[in-house]
Amino acid sequence: MASPWITVLADVVEHSRPVAYTVGSVFALQRLLRMVMEWQVHRQELDERRHQAEKADRSEIDQILRRHLRAEQALGSLAGRPTLPEDLDEAAEALTKLGPVLAAEMVDPDDRRAALD
C-alpha cells in the first residue's frame, strides 16, 4: 500500500494541472504585455527626441545659411560678381525642405573633384 502523502500529492497534481497552466499563461501574458508597453514608451520617446532634434537642426541650418549667404554676398559685391538674392528666408526654407544631411565628405582643395564645383 502507498503512503497517504503520495496518494494526496498525486491527486493534487492530477487535478491542479489546469490551474498551473492557467497561472503560467497569465504570468507569460503579463510579461508580454509589459514588454509591449515598454516598447511603446521607448518608441514614443524616440519620436519626441527626433522631433526636437529636427527643430534644433532647422534653426541651426537657418543660422549657418544666413551667415554663409551674407559672407558670400559681401565677397561677391567686393569682387564685382553678382550678389546673392536678398531673400534669405526663402533660401533657408528651401534648404530645410531638402531634408536632413545623411552623409558628408571632405574634399581637399587640390583634389580634382573640388574643381567640379
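Start by selecting R50: with a relative accessible area of 48%, R50 counts as partly exposed, because that value sits between the 20% cut-off for buried and the 50% cut-off for exposed. Keep in mind as you click around that this is a predicted model.

**The partner of R50**

Which residue does the side chain of R50 meet in a salt bridge? Add D47 to your selection: the D47 and R50 side chains pair up, with 3.0 Å from N to O. Side chains of opposite charge can pair when their charged atoms come close. D47 is partly exposed too, because its relative accessibility is 41%. Now show the backbone as a cartoon. Both D47 and R50 lie in helix α1, 3 residues apart, which is about one turn of the helix. If you go hunting for others, how many salt bridges does the structure hold? The count is 1.

**Along helix α1**

Colour residues 4–78 next, and you have helix α1. Pick E54, which is also found in helix α1. Is E54 buried, partly exposed or exposed? Its relative accessibility is 37%, so E54 counts as partly exposed. Then select G99 and draw a distance between the two C-alpha atoms: E54 and G99 are 9.7 Å apart in space, though 45 residues apart in sequence.

**A nonpolar patch**

Head back along helix α1 to L29, which has its place there. L29 has 48% relative accessibility, so L29 is partly exposed. Now extend the selection to L32, L33, M35 and V36, and switch on a surface. Together with L29, these residues form a nonpolar patch on the surface. How much accessible area do L29, L32, L33, M35 and V36 have together? About 460 Å².

**Zoom out**

Finish with the whole chain in view. Its secondary structure comes to 2 helices and 0 strands. Colour by relative accessibility and look for the buried residues: of the 117 residues in the chain, 6% count as buried, a class that means under 20% relative accessible area. With the surface on, the chain exposes about 10900 Å². What share of that area do carbon and sulfur atoms supply? They account for 60% of it.

How values were computed. Residues are numbered from 1 along each chain as its sequence is written. This is a predicted model: local features need pLDDT of at least 70, side-chain atom pairs count only at pLDDT 80 or more; totals for chains, interfaces and linings use all residues. Side-chain values use heavy atoms; hydrogens and water are left out. Patches are made of residues with over 30% relative accessible area and no salt bridge: like charges are joined within 9 Å, nonpolar side chains (Val, Leu, Ile, Met, Phe, Trp, Tyr) within 5 Å. Accessible areas come from the Shrake-Rupley method with a 1.4 Å probe; for residues, only the protein chains shown count as cover. A salt bridge is a side-chain nitrogen of Lys or Arg within 4 Å of a carboxyl oxygen of Asp or Glu. Helices (H or I, at least four residues) and strands (E, at least two) are DSSP runs, numbered from the N terminus. Buried means under 20% relative accessible area, exposed over 50%, partly exposed in between (1.4 Å probe, protein chains only).
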